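The following exercises ask the reader to work from a structure to its ligand site and backbone. Each task is followed by a worked solution.

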Amino acid sequence: MSIQYEVEQLADSYGVSDSFPKDFGYGEEEPDIEDSSSPSDSKPRILLMGLRRSGKSSIQKVVFHKMSPNETLFLESTNKIYKDDISSSSFVNFQIWDFPGQVDFLDPTFDYEMIFRGTGALIFVIDAQDDYMEALGRLHLTVSRAYRVNPEINFEVFIHKVDGLSDDHKIETQRDIHQRANDDLADASLEKLHLSFYLTSIYDHSIFEAFSKVVQKLIPQLPTLENLLNIFISNSGIEKAFLFDVVSKIYIATDSSPVDMQSYELCCDMIDVVIDVSCIYGLREDGSGSAYDKESMAIIKLNNTTVLYLKEVTKFLALVCILREESFERKGLIDYNFHCFRKAIHEVFEVGVSAQRPLGSQAVGSPCNKAVALNGTPRNTL
Ligand SMILES: Nc1nc2c(ncn2[C@@H]2O[C@H](COP(=O)(O)OP(=O)(O)OP(=O)(O)O)[C@@H](O)[C@H]2O)c(=O)[nH]1
């Protein structure tokens with residue numbers, strides 16, 4: 001594929017820097033590995049649970065720390081609850097808690113009530129390449145306990161490592177797991193507990209797409225964002241638009257036309273290209289500056305008359321659009337509409353900040369502030 005690109009943001013310095021993750025805003029991982037008996041942090045959380053070796057740490061590292069999937073082969077087993085606060089580098093203002101496979105609910109040091117009370121989403125990872133009967137038992141035990149403590153939690157099941165399965169086998173596995181898990185819930189009279197299922201693998205974009213859906217459910221402004229994107233694309237002749245969290249490549253919103261995996265992958269690749277080029281050529285000679293800032297924008301024309309258009313929206317968010325070359329002839333209009341769109345997004349989150357203030361001191365997880373606390377945006381980050 002021949003790619004013609006202009007990355008207007010690139011500075012004229014050509015100093016090569018290897019400082020990308022840090023300078024770009026990746027927070028250093030919390031060095032301390034804490035266990036559940038530590039005082040709880042007030043950040044809302046997404047829990048990653050599942051049996052040993054199901055792939056929890058790999059998911060976290062690949063999605064939030066740019067680890068390449070092959071490197072996960074060398075990850076050591078997690079022995080304590082690992083809290084990863086990604087809010088300093090990402091729009092998504094939460095902590096991810098990676099649990100060791102063998103969490104024991106009967107262990108008195110495991111204060112699961114405290115843990116589940118401040119939880120926005122519980123992701124249960126099932127290794128689809130393994131026998132999943134034990135995992136299903138564990139899933140049932142975990143979600144039923146969590147539901148009793150906090151029925152507001154979103155329960156998400158990642159049927160993981162599906163890269164090793166044929167397409168038919170994937171569908172069959174999903175159907176079987178879905179059926180069995182819901183039967184177990186019905187037997188326990190927990191029909192109201194809703195489980196969402198996703199087929200995932202760290203070897204393709206499915207894990208990012210699944211995480212996007214999980215995070216979107218925690219963003220109260222989602223309908224507004226979708227609406228703004230719809231208005232923007234229909235007035236600009238754009239086919240598809242995603243609002244991306246640049247660090248994780250999670251899309252936090254898109255317009256209401258269906259998402260096809262190829263478009264999503266194309267947009268993810270564009271972010272990688274822009275950030276990588278910007279890291280190499282965009283920083284100052286002494287390595288200072290940021291690979292992503294207010295000036296960040298890029299246009300890539302593909303050889304199939306498609307144009308990719310990326311622009312900075314906030315410190316953490318970028319708009320990435322796919323459009324036809326003909327529509328791009330009206331670039332001035334698109335730029336103007338983008339300007340209005342960006343302003344509207346800032347207003348949406350400013351309202352979020354002011355709406356949050358009076359609630360600031362409430363405990364995370366209490367029903368009335370769930371909508372605000374679980375969303376990462378209401379901070380001084382715009
Ligand atoms: N084929 C395949 N392997 C994966 C995938 N995700 C993770 N793995 C592999 O699964 C193994 C276990 O991954 P971990 O992330 O350490 O699993 P974990 O659930 O954190 O394990 P514990 O820390 O023991 O609870 C590693 O060798 C990973 O490379 C995937 O999507 N596909």
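The exercises below treat a predicted model, beginning with the ligand.

**Exercise 1. Describe the shell of residues around the ligand.**

Step 1. Begin with the residues that come nearest: of the 20 residues around the ligand, these are S57, S58, S77, T78 and D163.

Step 2. Sort the shell by residue class. It divides into 11 polar, 5 charged and 4 nonpolar residues.

Step 3. Assign the shell to secondary structure. Helix α2, spanning residues 56-65, supplies the largest share, with 3 residues.

Step 4. Locate the site among the pockets. The ligand takes up the space of the largest pocket.

**Exercise 2. Identify side chains in polar contact with the ligand, and state how far the protein buries the ligand.**

Step 1. Apply the cut-off: a polar contact is a pair of N or O atoms within 3.5 Å.

Step 2. Consider the oxygen atoms of the ligand. An N or O atom in the R52 side chain is 2.7 Å from one ligand oxygen atom, and a polar side-chain atom of T72 lies 2.8 Å from a ligand oxygen atom.

Step 3. Consider the nitrogen atoms. A ligand nitrogen atom has a polar side-chain atom of H160 at 2.9 Å.

Step 4. Turn to the surface. The ligand taken alone exposes 660 Å², of which the protein buries 93%.

**Exercise 3. Examine the backbone at R53 and K161, and classify the exposure of each residue.**

Step 1. Recall the general expectation: most residues other than glycine have a negative phi.

Step 2. Compare the two residues with it. R53, which is not a glycine, has a positive phi of about 60°; K161, also a residue other than glycine, has a positive phi near 65°.

Step 3. Place them in the fold. R53 is in the loop between β2 (45-50) and α2, while K161 is in the loop between β6 (154-160) and α5 (167-187).

Step 4. Classify their exposure. R53 has a relative accessible area of 52% and is therefore exposed, as the threshold for that class is over 50%. K161, at 22% relative accessibility, counts as partly exposed.

**Exercise 4. Is I177 buried or exposed, and how far apart are I177 and A128 in space?**

Step 1. Locate the residue: I177 belongs to helix α5.

Step 2. Read its accessibility. The relative accessible area of I177 is 0%, so I177 is buried, the limit for that class being under 20%.

Step 3. Compare sequence with space. I177 and A128 are 49 residues apart in sequence, and their C-alpha atoms are 9.5 Å apart.

Key: Residues are numbered from 1 along each chain as its sequence is written. This is a predicted model: local features need pLDDT of at least 70, side-chain atom pairs count only at pLDDT 80 or more; totals for chains, interfaces and linings use all residues. Side-chain values use heavy atoms; hydrogens and water are left out. A residue is near a molecule or strand if one of its heavy atoms lies within 4 Å of it. A polar contact is a pair of N or O atoms within 3.5 Å; within protein, one must be able to donate a hydrogen and the other to accept it, and residues adjacent in sequence count only if both atoms are side-chain atoms. Accessible areas come from the Shrake-Rupley method with a 1.4 Å probe; for residues, only the protein chains shown count as cover. On a 1 Å grid over the protein atoms alone, a cavity is a set of points where a 1.4 Å probe fits but cannot get out, and a pocket is an open set with protein on both sides within 12 Å along at least five of seven lines; lining residues have an atom within 4 Å of a point. A molecule sits in a cavity or pocket if more than half of its atoms lie within 2 Å of its grid points. Helices (H or I, at least four residues) and strands (E, at least two) are DSSP runs, numbered from the N terminus. Ala, Val, Leu, Ile, Met, Phe, Trp, Tyr, Cys and Pro count as nonpolar, Asp, Glu, Lys and Arg as charged, and the others, Gly among them, as polar. Buried means under 20% relative accessible area, exposed over 50%, partly exposed in between (1.4 Å probe, protein chains only).
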